[in-house]
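Reader: I'm new to looking at protein structures. Could you walk me through how to read one?

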Amino acid sequence: MQEPKHQIRALHTESTVTVYQAYAPGLGLPAARDGRFPAAWKRDRMTWIKPSFLWMMYRCGWGTKQDQETVLAVEITREGFEWALRHACLSHYERGVHADLAAWKRELRRAPARVQWDPERDLHLRPLPHRSLQLGLSGEAARSYADEWTVSITDVTPLAHQVHGLVREGALDAAARLLPEERPYPAAEELLVHLGGTGQVPA
């Protein structure tokens, strides 16, 4: 069965959803140790969170790119995640989703969150036909993410390196078994229709 082109897939529980980010060790390691973002984490800047483990691997080069050597799995509340979706705007104008270009620009200026749908990746980090959600948080959304929504922060750099090693050995089945279980996220249609996404019947 073909995957819907724009659908959120994530590791989630009844109350949380896991997203991924990568940082330099000086920031990532204290965050994982303390289970919260340190004061040095800039709450006045936009931060991008990614529910797709493999898209994060594509972005950070399996944790080898400079200042992205520490890969974090950040478990946040579904309430916060859905607030961000509800208040998000697409990062680009899309005919049929926005009334016109001016309406999109107005929405983008006031939205505390924005969404990009980028090609999902396979184990070789090649693009797939369906898309992966990237959620950008700024202002109120970024501060809430760091100080209210975050439930736990785990350093998954060893997992990234282990999966990468198996991929390089050609052991794709073994690598796939280690991946987080990312299932369609039960977001109601109203959470995604303004983002060009496909909703699910909430669990």
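Author: Let's go through helix packing, a covered helix and the cores. Keep in mind that this is a predicted model.

Reader: How do people describe two packed helices?

Author: You give the angle between their axes and the distance between those axes. Here, take helix H3 (residues 78-86) and H5: they pack at about 175°, with axes 11 Å apart. Angles over 145 degrees count as roughly antiparallel, so H3 is roughly antiparallel to H5.

Reader: Which residues make the contact?

Author: On the H3 side, Gly-80, Trp-83 and Ala-84; on the H5 side, Glu-140, Ala-141 and Trp-149. Sorted by type, the residues of this contact are four nonpolar, one polar and one charged.

Reader: Now helix H2: is it mostly covered or mostly uncovered?

Author: Mostly covered, since H2 (residues 53-60) has six of its eight residues buried. Those are Phe-53, Leu-54, Trp-55, Met-56, Met-57 and Cys-60. They pack against strands E2, E4, E6 and E7, plus helix H6. Right after H2 comes Gly-61, with a positive phi near 65°.

Reader: And which residues touch the most other members of the largest nonpolar core?

Author: Phe-37, Phe-81, Leu-135, Leu-137 and Tyr-145, out of 36 residues in that core. Helix H5 (residues 140-149) supplies the largest share, five residues. Apart from this core lies another, of 18 residues, including Phe-53, Met-56, Met-57 and Ala-175.

Reader: What does Tyr-145 touch?

Author: Leaving out residues up to four places away in sequence, its contacts include Val-19, Phe-37, Trp-41, Ile-76 and Leu-137.

How values were computed:
Residues are numbered from 1 along each chain as its sequence is written. This is a predicted model: local features need pLDDT of at least 70, side-chain atom pairs count only at pLDDT 80 or more; totals for chains, interfaces and linings use all residues. Side-chain values use heavy atoms; hydrogens and water are left out. A nonpolar core is a set of buried Ala, Val, Leu, Ile, Met, Phe, Trp, Tyr and Cys residues joined through side-chain atoms within 4.5 Å. Buried means under 20% relative accessible area, exposed over 50%, partly exposed in between (1.4 Å probe, protein chains only). Helices (H or I, at least four residues) and strands (E, at least two) are DSSP runs, numbered from the N terminus. Contact means heavy atoms within 4.5 Å. Axes are lines fitted to C-alpha atoms, for helices over the stretch in contact, and angles run from 0 to 180 degrees between N-to-C directions. Angles under 35 degrees count as roughly parallel, over 145 as roughly antiparallel, 65 to 115 as roughly perpendicular and the rest as oblique. Ala, Val, Leu, Ile, Met, Phe, Trp, Tyr, Cys and Pro count as nonpolar, Asp, Glu, Lys and Arg as charged, and the others, Gly among them, as polar.
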